[in-house]
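Visitor: I am new to this structure. Please take one small part of the chain and walk me through it closely.

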Amino acid sequence: MAAALRRIAGEKSFMLSSISTKLVAAPSALFIWQRGITTKLFVGGLSFYTTENGLSEAFSQYGQVVEAKIVMDRASDRSKGFGFVTYASEDEAQKALDEMNGKTLNGRVIYVGYAKLKTNFGGGIPIARGPPEPTTSES
């Protein structure tokens, strides 16, 4: 189990409990993003008419789809043209990536890749810290 976690997480240093083989300290962002040992794929180039059920059905022929999510625009309540498909195992996700990348879904060519971690947890509103410090130039 520890070898599989190292391979998935890409980390070489784990602290494992000697009593059990549970994970004590690991890269937390990876395991917050992934529920258990799942693999998330990014799907881009989706038609605006593609639904989450349609996306799930298209990708379920390559393995067990845990979740299919299409990202929606809050203002217009329309699809942004991309989404995510979560698989139960890495092998199923790799098979889906190989087979579905560059294929047509609902009249549009889709692009599939591994999803990246979301790193910006700040919220988006900058914190005002006052006016900038005056610069002094010595000549």
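Guide: A residue counts as buried when its relative accessible area is under 20%. Keep that cut-off in mind. The model is predicted.

Start with serine 47. Its relative accessibility is 7%, so serine 47 counts as buried. Serine 47 sits in a loop. Strand E3 (39–44) comes before that loop, and helix H3 (52–59) follows it. Now look at its contacts, leaving aside neighbours within four places in sequence. Serine 47 then touches Ser79, Asn106 and Arg108.

Follow the contact to serine 79. This residue belongs to strand E5, which covers residues 79–87. Serine 79 has a relative accessibility of 8%, and therefore it is buried too. Its side chain makes a polar contact: the backbone nitrogen of glycine 81 is 2.9 Å away. Residues up to four places away in sequence are again set aside for the contact list. Serine 79 is in contact with Ser47, Phe48, Ile70, Val71 and Met72.

Now step back to the whole protein chain. It holds four helices and eight strands. From the N terminus, their order is α-β-β-α-β-α-β-β-α-β-β-β. The chain has 139 residues, and 26% of them are buried. Serine 47 and serine 79 both count as buried. Take the contacts between residues at least 6 apart in sequence: 56% of these join residues at least 24 apart. The chain exposes about 10200 Å². Carbon and sulfur atoms supply 53% of that area.

Definitions and conventions
Residues are numbered from 1 along each chain as its sequence is written. This is a predicted model: local features need pLDDT of at least 70, side-chain atom pairs count only at pLDDT 80 or more; totals for chains, interfaces and linings use all residues. Side-chain values use heavy atoms; hydrogens and water are left out. Helices (H or I, at least four residues) and strands (E, at least two) are DSSP runs, numbered from the N terminus. Buried means under 20% relative accessible area, exposed over 50%, partly exposed in between (1.4 Å probe, protein chains only). A polar contact is a pair of N or O atoms within 3.5 Å; within protein, one must be able to donate a hydrogen and the other to accept it, and residues adjacent in sequence count only if both atoms are side-chain atoms. Contact means heavy atoms within 4.5 Å. Accessible areas come from the Shrake-Rupley method with a 1.4 Å probe; for residues, only the protein chains shown count as cover.
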